[in-house]
Amino acid sequence: MNAFIGSPIRLATVHDVPRIGLVAAAGFQYSNFWDWERPYADKYPEDTLKSYCLSFKNLILNPCSAVWVAEDTYDEKEAHGPRHSLIESAYSQISLDAPKDQKVIVGVTAWVFPSDSDHCGKFKPDNPNNEAPGRGFRGRDTNSKHMDMVDEAAEEATKKYFPGCPELSMTVVHPSYWRRGHGSSMVKWGMDLAKENNETLGTISSTMGNALCEALGWSREDTIHLEGDDEAPDGLTFNVNTYNKNKD
Ligand SMILES: CC(C)(COP(=O)(O)OP(=O)(O)OC[C@H]1O[C@@H](n2cnc3c(N)ncnc32)[C@H](O)[C@@H]1OP(=O)(O)O)[C@@H](O)C(=O)NCCC(=O)NCCS
């Protein structure tokens, strides 16, 4: 299935996972969640990459999710921009000899539906081996306590602001392709689906994610601050956004 809403997007398959992992690692390192959740990514970049690959693989195989990728013409400079060891490692793991005009995945979005949603099973491309989703993976790059704090606060916010609603679970675009409308194309897909079905959408967003959502007409319901500690004295601030075309 393909959708063309600004920039072209298509459903992801498990074959896309290595490139998706790279795009996620390249983009998420600029999110304000990064230092809070992955303070040891420089030391254990292979764990960061593996966790993104597994998370997206599980989402691709999960019947109640829709994983969309945006594609763009490969920019040779993407492998030579400022980046730390994580991205160096990612590039060495998936050699990318893309010809100049080749389209590559530059962004990815994961939508997660409630388990009783009519959407379950509808947005699944053919995947090999009928594999079932596996377990999540938290590597040596993470601060587990900080991740648990985020999970707990996010769960509470979800129950309060968008219970039982489809959730925009992850959105990321490789920095070399920012501000070209890729994030918008992928998020608008879910907004169109919500409009058709008169649904509310929700998301827990980073500072950049909130900027994208607000630009697309989502509301900011709350801003949540997690108190800092010795490792991250400033703590973490993130947002809760919802979208409903009938609101206001
Ligand atoms: C957030 C993100 C996905 C946006 O992707 P993108 O493809 O650059 O987004 P778009 O080009 O569709 O942006 C559409 C509009 O959103 C707003 N916007 C997007 N990124 C913004 C930013 N960093 N700062 C302020 N506004 C921003 C702008 O209004 C923009 O329109 P404009 O370019 O005409 O000004 C990307 O910056 C990213 O991957 N960030 C790091 C990971 C992250 O934080 N993800 C969000 C998790 S909730």
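Reader: Which elements each supply at least two residues of the shell around the ligand?

Author: In this predicted model, the elements are three helices and a strand: α1 (17–28), α6 (182–197) and α7 (207–215), together with β5 (167–173). The most comes from α7, which gives five residues.

Reader: How many residues surround the ligand, and which are the closest?

Author: A residue counts here if its C-beta atom, placed from the backbone, lies within 6 Å of the ligand. The shell holds 22 residues, with G183, S184, G209, A211 and A215 the closest.

Reader: What is the make-up of that shell by class?

Author: Eleven residues are polar, nine are nonpolar and two are charged. Gly is counted among the polar residues.

Reader: β5 was named above. Which strand does β5 pair with, and in what sense?

Author: β5 pairs with β4 in the antiparallel sense, over six bridges. One bridge joins V108 to V172 in β5. β4 also pairs with β3 (residues 65–73), again antiparallel, over nine bridges. There, V67 has A110 of β4 as its bridge partner.

Reader: Is β4 mostly covered or mostly uncovered?

Author: Burial means 20 or more other C-beta atoms within 10 Å of the residue's own. Strand β4 (residues 103–112) is mostly covered, with seven of its ten residues buried. For the protein, 35% of the 248 residues count as buried.

Reader: Why does the radius of gyration agree with a compact globule?

Author: A compact globule of 248 residues would have a value near 18 Å, and the protein has 17 Å, so the two agree. The C-alpha trace spans about 45 × 45 × 35 Å along its principal axes.

Conventions. Residues numbered from 1 in each chain as written. Predicted model: local features only at pLDDT ≥ 70, side-chain atom pairs only at ≥ 80, totals over all residues. Rg over C-alpha atoms; globule rule 2.2 N^0.38 Å. Buried ≥ 20, exposed ≤ 12 C-beta atoms within 10 Å, placed from the backbone. Helix = DSSP H or I, 4+ residues; strand = E, 2+ residues; numbered from the N terminus. Pairing = 2+ DSSP bridges.
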